[in-house]
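Biologist: Please give me a close look at one part of this model, the packing between its helices, with enough of the surroundings to place it.

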Amino acid sequence: MDEFARKEMCALGIANEKLVVTGQPFFDHIRRTGSCFSAQEIEKLREKLTVGQGGLVFVFASQPLVSIHRQNGMADDYWGYTEITVLKAVTACLGKLTNESGTKVTLVIRLHPKDDANAYQDALTIPTESIQFVFDRETDSSLLLKSADLIIGMFSMLLLEAAILGRPFTSVQIGLKRESPLVFDRMGLDLSILTDSELEESFREILNGEFSESADLPFEFGATSKIVDYLERY
């Protein structure tokens with residue numbers, strides 16, 4: 001809940017003088033929780049996820065797009081892609097590049113609470129020994145993101161959490177045919193990957209150790225105190 005949200009609400013017809021920018025209390029919670037984990041806790045989780053084999057840890061933030069669209073009478077690929085097509089593109093690209101470089105990658109599929117546990121089995125049949133897959137639904141999300149080298153998603157809230165925690169993240173929306181639902185794109189930052197060639201270029205840089213710094217995003221923090229201060233003044 002920031003200046004950008006205020007402008008979007010004004011565009012919908014809500015009077016500017018009735019809006020107060022405070023930030024979102026949950027964002028403060030994410031930042032506070034993320035700062036509580038020690039380097040030892042993070043390393044312990046990485047060892048668990050990689051089964052002690054080392055290498056990079058990527059997290060795929062799942063979203064049950066198909067089931068949600070069907071419930072609402074929408075086409076499976078309403079956005080121009082589904083969670084399956086995106087994950088297939090990600091795994092195919094990683095499979096190709098890890099076979100070339102020999103880099104080990106653990107891809108953690110962070111299941112959404114509404115996901116079927118077997119939803120992605122057909123998408124993960126790639127011929128490579130350089131990638132191992134881990135399904136996770138229980139690990140504290142902040143700890144998981146702090147332990148990851150890269151967070152991959154479409155427009156999941158996990159990408160927002162990653163940004164708050166200062167972790168590298170990327171949105172993959174290959175096939176997008178509507179305005180991007182990712183707020184960072186709507187802000188004009190154009191962070192989403194929209195083609196297979198862009199995905200390969202991005203992953204190749206990461207596997208070569210060329211991690212780009214996380215985007216400097218203008219979050220509003222201290223929401224609770226701002227809300228209380230405003231109400232007391234009111």
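Modeller: What follows goes from the overall frame to the two helix pairs and their contacts.

The model is predicted, so local features need pLDDT of at least 70 and side-chain atom pairs count only at pLDDT 80 or more, whereas totals for chains, interfaces and linings use all residues. Residues are numbered from 1 along each chain as its sequence is written, and side-chain values use heavy atoms, with hydrogens and water left out.

The protein has ten helices and six strands (DSSP runs numbered from the N terminus: helices are H or I of at least four residues, strands E of at least two). Its C-alpha atoms fill a box of roughly 60 × 45 × 30 Å along the principal axes.

The six strands make an open sheet with parallel pairing, in the order β3-β2-β1-β4-β5-β6 (strands pair if DSSP finds at least two bridges between them). Because β3 (131-136) and β6 (192-193) stand at the edges with a single partner strand each, one side of each is left without a neighbour in the sheet. Within the sheet, β4 (residues 150-153) and β5 (residues 169-172) pair in the parallel sense over three bridges, and Gly 153 stands opposite Ser 171 in β5. Helix α3 (residues 39-49) lies across β1 (56-61), β2 (105-110) and β3, running at about 85° to β1 (axes are lines fitted to C-alpha atoms, for helices over the stretch in contact, and angles run from 0 to 180 degrees between N-to-C directions).

In the first helix pair, α2 (residues 25-34) packs against α7 (residues 157-164) at an angle of about 60°, their axes lying 9 Å apart. The two are therefore oblique to each other (under 35 degrees is roughly parallel, over 145 roughly antiparallel, 65 to 115 roughly perpendicular, and the rest oblique). From α2, Phe 26, Phe 27, Ile 30 and Arg 31 meet Met 157, Leu 160, Glu 161 and Ile 164 of α7 (contact means heavy atoms within 4.5 Å). By class, these residues divide into six nonpolar, no polar and two charged (Ala, Val, Leu, Ile, Met, Phe, Trp, Tyr, Cys and Pro count as nonpolar, Asp, Glu, Lys and Arg as charged, and the others, Gly among them, as polar).

In the second pair, α5 (residues 83-101) and α9 (residues 196-207) pack at about 45° with axes 10 Å apart, and are therefore oblique as well. The residues of α5 that meet α9 include Val 90, Cys 93, Leu 94 and Leu 97, while those on the α9 side include Leu 199, Phe 203 and Leu 207. This contact has eight nonpolar, one polar and five charged residues.
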